[in-house]
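I opened my notebook and went through this entry step by step. Here is what I looked up.

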Number of protein chains: 2
Amino acid sequence: MRISEQAKQDNRIRILEKAVDIFTTKGFDATTTRDIALAAGLATGTLFNYFPSKETLAMTMVTEAFRQGREDFQRRRTGDEDLAEELFLFIASGLRRLRPLRTFLGPVLERSLSPFPRKSVCQEGEAARQGHLNAVQGIIAGHGFAEAPDYVAMTMYWSLYLGILAFWANDTSPNQEETQALIDYATRMFVQIISGGGPGKGGADAE
Amino acid sequence: MRISEQAKQDNRIRILEKAVDIFTTKGFDATTTRDIALAAGLATGTLFNYFPSKETLAMTMVTEAFRQGREDFQRRRTGDEDLAEELFLFIASGLRRLRPLRTFLGPVLERSLSPFPRKSVCQEGEAARQGHLNAVQGIIAGHGFAEAPDYVAMTMYWSLYLGILAFWANDTSPNQEETQALIDYATRMFVQIISGGGPGKGGADAE
DNA sequence: GATAATATATGAGCGTGCTCATTTATTTGT
DNA sequence: ACAAATAAATGAGCACGCTCATATATTATC
């Protein structure tokens, strides 16, 4: 059964559109792949010709949002921001594009972006993490740091970023002001660390 | 079918013992509840009389390890440690007890301790998080801080702690030295933040 | 000791996400 | 036109975690 390239694209897009509708209505876990296929006018198995897993289907939306977020960031930055401001802008730009998906993204991001070891890795998630981290390294490099932050620092960055995503997924305040406060705090903190303001071998000055 | 309290305890313990064996051999996800029940000499359904879910079964082991870790911590601390050292000791004590479970804990911790919103919360996980955070607040209070760290600070603490757990689950170096380095870094950093060394409204001194 | 009451064990069965042998529509070859 | 080749659609079916009506073994009552 051959099909035109156009029809294939149509199917793909219809799946994505219907999926976002049902995810939004019933949540990610409560939505079955049968639901989505039915709504798109396809058999269950056909859906998996287009997306290898339910997780990948959802992450496709996330990846696209991230891409748009990066574009927005490039458009919005003036070049006058300091490093913390630029990181804030970068993260906020991503969340802005993710916003329409917010109500159901929790389980998706948790599974796909988690740093915990996984046997079956979701390719989209891997790519999203690498893309994000590379962009961050680029931003840092643009501020004249001699050497890129080490592995430990980037590990902590990703932990903080995931914390922000989790908080954001829960934040129901009108403009997610609390999330903004958290981003502000975390980015400033991270900058301080990689600026060498972080703790040396010496003591932490408690109290 | 009544059963003696002894027989019930025996069943429970046999389930836990067999489960840890099979989890270790095949991993958490690849182990089926049917496997465990069979190994324990019970029917599939019977297992769920003892543990409401596979996740809870695994988290029961984690909770017990955490409890022992807290005991170890109380025994090992001298009272002379500064805050960062004490937090390091607390976290390391927990990981030490978790060590025998390390090879299969990734997926368990990821799902149960994640800060992402969940519809079906695992009670054990909730309790473990609260227990850990309360202990941390207690340690901080013991170092003469006027007021407990705010919500944002504790959110970041939990993010960093999850990052440590994820790193640890991957760390195959003999004594997990890299994890130790990460804990050292993260605890010092956290102390700096709650010590007011964290960023104020003002600028982060980038570059 | 027989009967009733009760607590636990049991495994068929449900709804998942996903697979795969088969069917069906389209294109290519003659 | 017809046949052969091919790519996508299909839905029965699998293994999973988990549920629940039923069977069964123990205890209480007389």
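**Entry 1: DNA strand D**

I started with one contact. A polar side-chain atom of A:R2 lies 3.2 Å from a sugar or linking oxygen of DNA strand D. I kept in mind that the model is predicted. Next I checked R2 in chain B. For B:R2, a polar side-chain atom is 3.4 Å from a sugar or linking oxygen of DNA strand D.

Then I asked what B:R34 reaches on DNA strand D. I found a base nitrogen, 2.8 Å from a polar side-chain atom of B:R34.

I listed the neighbours. There are 23 residues around DNA strand D, and A:M1, B:M1, B:T32, B:R34 and B:K54 come nearest. I also looked at the DNA side. Of the strand D atoms within 4 Å of the protein, 60% belong to sugar or phosphate, and the rest belong to bases.

Which elements supply at least two residues each of the surface near DNA strand D? I noted α1 (5-26) and α3 of chain A, together with α2 (33-39) and α3 of chain B. The largest share is 4 residues, and it comes from α3(A). I sorted this surface by class and got 7 nonpolar, 10 polar and 6 charged residues.

**Entry 2: DNA strand C**

I turned to the other strand letter. I found 23 residues around DNA strand C, with A:M1, A:R34, A:K54, B:M1 and B:A43 coming nearest. On the DNA side, sugar or phosphate accounts for 62% of the strand C atoms within 4 Å of the protein. The rest of those atoms belong to bases.

I looked up three contacts here.

- A:T33 uses its backbone: an N or O atom there lies 3.0 Å from a phosphate oxygen of DNA strand C.
- B:K8 uses its side chain: an N or O atom there is 3.0 Å from a phosphate oxygen of DNA strand C.
- B:R34 has a polar side-chain atom 3.2 Å from a base oxygen of DNA strand C.

After that I noted the elements that give two or more residues to the surface near DNA strand C. In chain A they are α2 (33-39) and α3 (44-50). In chain B they are α1 (5-26) and α3 (44-50). The largest share, 4 residues, comes from α3(B). By class, I wrote down 7 nonpolar, 10 polar and 6 charged residues for the surface near DNA strand C.

**Entry 3: chain A as a whole**

I stepped back to the whole chain. How many helices and strands does chain A have? I read off 9 helices and 0 strands. The C-alpha atoms of chain A fill a box of roughly 65 × 35 × 35 Å along the principal axes.

I checked the domain assignment too. It gives domain 1 (1-51) and domain 2 (54-197) in chain A. The centres of these two domains, taken over C-alpha atoms, are 28 Å apart. Their contact takes 15 residues from domain 1 and 12 residues from domain 2.

**Entry 4: α7 and α8 of chain A**

My last stop was a helix pair. In chain A, α7 (residues 123-141) and α8 (residues 151-170) pack at about 115 degrees, and their axes are 12 Å apart. I noted the crossing of α7(A) and α8(A) as right-handed.

Which residues meet between these helices? From α7(A) I listed A:R129, A:H132, A:L133, A:V136 and A:Q137. From α8(A) I listed A:M154, A:Y157, A:W158 and A:Y161. By class, this contact has 6 nonpolar, 2 polar and 1 charged residues.

Note on methods. Residues numbered from 1 in each chain as written. Chains lettered and ligands numbered in written order. Predicted model: local features only at pLDDT ≥ 70, side-chain atom pairs only at ≥ 80, totals over all residues. Heavy atoms only, no water. Axes fitted to C-alpha atoms, helices over the stretch in contact; angles between N-to-C directions. Left-handed = near helix turned anticlockwise from the far one by under 90°. Contact = heavy atoms within 4.5 Å. Nonpolar A, V, L, I, M, F, W, Y, C, P; charged D, E, K, R; others polar. Near = heavy atom within 4 Å. Polar contact = N/O pair within 3.5 Å; in protein donor to acceptor, adjacent residues only side chain to side chain. Domains from an automatic or database assignment.
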